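Trainee: I should like to examine this model with you, beginning with the ligand and then moving to the backbone and to pairs of residues. May I put my questions one at a time?

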Amino acid sequence: MGIVNVTPDSFSDGGRWATTDAAIAHGHDLLAQGADILDIGGESTRPGATRPLVSDELDRVVPVIEALAAEGALVSVDTMRAEVAAAAIAAGARIVNDVSGGLADPAILRVVADSEAQYVAMHWRAHSARMQQLATYDGHGGVVAAVADELGARVEDAEAAGIPRERIILDPGLGFAKTADHNWDLVTGLAALEALGLPILVGSSRKSFLGLLLADEQGEPRPVGEREAANVALGTILALRGVWGLRVHDVRATVDALRVVGRVQQSTGDGW
Ligand code: PMM
């Protein structure tokens, strides 16, 4: 899944694809690099971000989705808002990627239920301005048990609103109300999410836990643009585990890695 952030303020690429034409061209580039899905978003969720007006979010994403979907691309809309999801589906989006899993705007669940779109429910606790204050997981089983429980509740709500289970994909929400250690716990504890029996999408691309892992001797995090090799390594591990999707900014390197995984699995099956 290649990322097209039509935003002025995303943490790693804010402003780069902020016009309709630049975003569409970026979508073409990601398809050429081998993306299966284009994830188009008009709201930055970086820590501390303020929310855009609904009208601005619509203006950002709808024309980009219309153009790319009309060309046959499989488009996902990255939104927490029912109104934006509805407009995106009308414009041709076939996946709704809701980073709040239906918590920010519960009406989004009915919008998806009334369509044929797939639904990504990500683990989330609060909007970006507040989320890092909620990065506490003191219960038995820590962050892994809490995320599995809370995502399980999101699935129940989605099903109650009429979204069939077959259309739901789960995402641990790396970096959302999570410290770096929480993110690593989730990666290594993926079995607890897999136990929910649904496909899993993971977004680690350029995130700060990779920057911290690769920090220099002074403890200075590796800059955002120099985390790609680590991201590909993580994506390779996750692909070997059988995750459904990887949400990435640089598609080519991940696609190359997935080809290697595919070639190895062609010879070894799942038993290597
Ligand atoms: N991360 C971001 C935005 N949307 N959606 C899903 N499903 N999973 C994620 O991890 C995720 C997301 C933040 O990253 P960005 O600002 O680089 O898009």
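Mentor: Please do, and keep in mind that this is a predicted model. Let us start with helix 3, where I89 is placed.

Trainee: Is I89 buried, partly exposed or exposed?

Mentor: The relative accessible area of I89 is 21%. Buried requires a value under 20%, and exposed a value over 50%. Because 21% falls between these limits, I89 is partly exposed.

Trainee: How far apart in space are I89 and E66?

Mentor: I89 belongs to helix 3, which covers residues 82-90. Along the chain, I89 and E66 are 23 residues apart. The separation of their C-alpha atoms is 9.5 Å.

Trainee: Turning to the ligand, which residues are the closest to it?

Mentor: The ligand is surrounded by 15 residues. By class, this shell has six nonpolar, five polar and four charged residues. The closest of the surrounding residues are N97, D171, K207, R247 and H249.

Trainee: What is the distance from a polar side-chain atom of K207 to an oxygen atom of the ligand?

Mentor: K207 is among the closest residues of the ligand shell. A polar contact needs a pair of N or O atoms within 3.5 Å. The side chain of K207 meets that limit, with a polar atom placed from a ligand oxygen at 2.7 Å.

Trainee: Which residues, besides K207, have an N or O atom at a comparable position to a ligand oxygen?

Mentor: In the side chain of R247, an N or O atom is 2.8 Å from an oxygen atom of the ligand. A polar backbone atom also takes part, at 3.4 Å from a ligand oxygen. The residues asked for are therefore R247, through its side chain, and, under the 3.5 Å limit, through its backbone, G203.

Trainee: How much of the ligand does the protein bury?

Mentor: The space taken by the ligand is the largest pocket. Taken alone, the ligand exposes 420 Å². Of that area, the protein buries 97%.

Trainee: Next, the backbone: what is the phi of A177?

Mentor: A177 is found in the loop between strand 6 (168-171) and helix 6 (180-188). With a relative accessible area of 0%, A177 is buried. Although A177 is not a glycine, its phi is positive, at about 55 degrees.

Trainee: Is R206 buried or exposed?

Mentor: R206 sits in the loop between strand 7 (201-202) and helix 8 (208-213). Its phi is positive, near 65 degrees, in a residue other than glycine. The relative accessibility of R206 is 13%, and because buried means under 20%, R206 counts as buried.

Trainee: What separates the C-alpha atoms of Q118 and R167 in space?

Mentor: Q118 lies in strand 5, residues 118-122, and counts as partly exposed at 27% relative accessibility. Q118 and R167 are 49 residues apart along the chain. Their C-alpha atoms are separated by 4.6 Å.

Trainee: How far apart are the C-alpha atoms of A23 and R154?

Mentor: A23 lies in helix 1, residues 20-32, and is buried at 0% relative accessibility. Along the chain, A23 and R154 are 131 residues apart. The distance between their C-alpha atoms is 31 Å.

Trainee: Finally, what is the C-alpha distance between E150 and A192?

Mentor: E150 is placed in helix 5, residues 142-160. Its relative accessible area is 26%, and E150 is partly exposed. E150 and A192 are 42 residues apart in sequence, and their C-alpha distance is 12 Å.

Conventions: Residues numbered from 1 in each chain as written. Predicted model: local features only at pLDDT ≥ 70, side-chain atom pairs only at ≥ 80, totals over all residues. Heavy atoms only, no water. Near = heavy atom within 4 Å. Polar contact = N/O pair within 3.5 Å; in protein donor to acceptor, adjacent residues only side chain to side chain. Areas by Shrake-Rupley, 256 points an atom, 1.4 Å probe, with all protein chains shown as cover. 1 Å grid on protein atoms, 1.4 Å probe; cavity = no way out; pocket = protein on both sides within 12 Å on 5 of 7 lines; lining within 4 Å. Sits in = over half its atoms within 2 Å of the grid points. Nonpolar A, V, L, I, M, F, W, Y, C, P; charged D, E, K, R; others polar. Helix = DSSP H or I, 4+ residues; strand = E, 2+ residues; numbered from the N terminus. Buried < 20%, exposed > 50% of the residue type's maximum accessible area, 1.4 Å probe, protein only.
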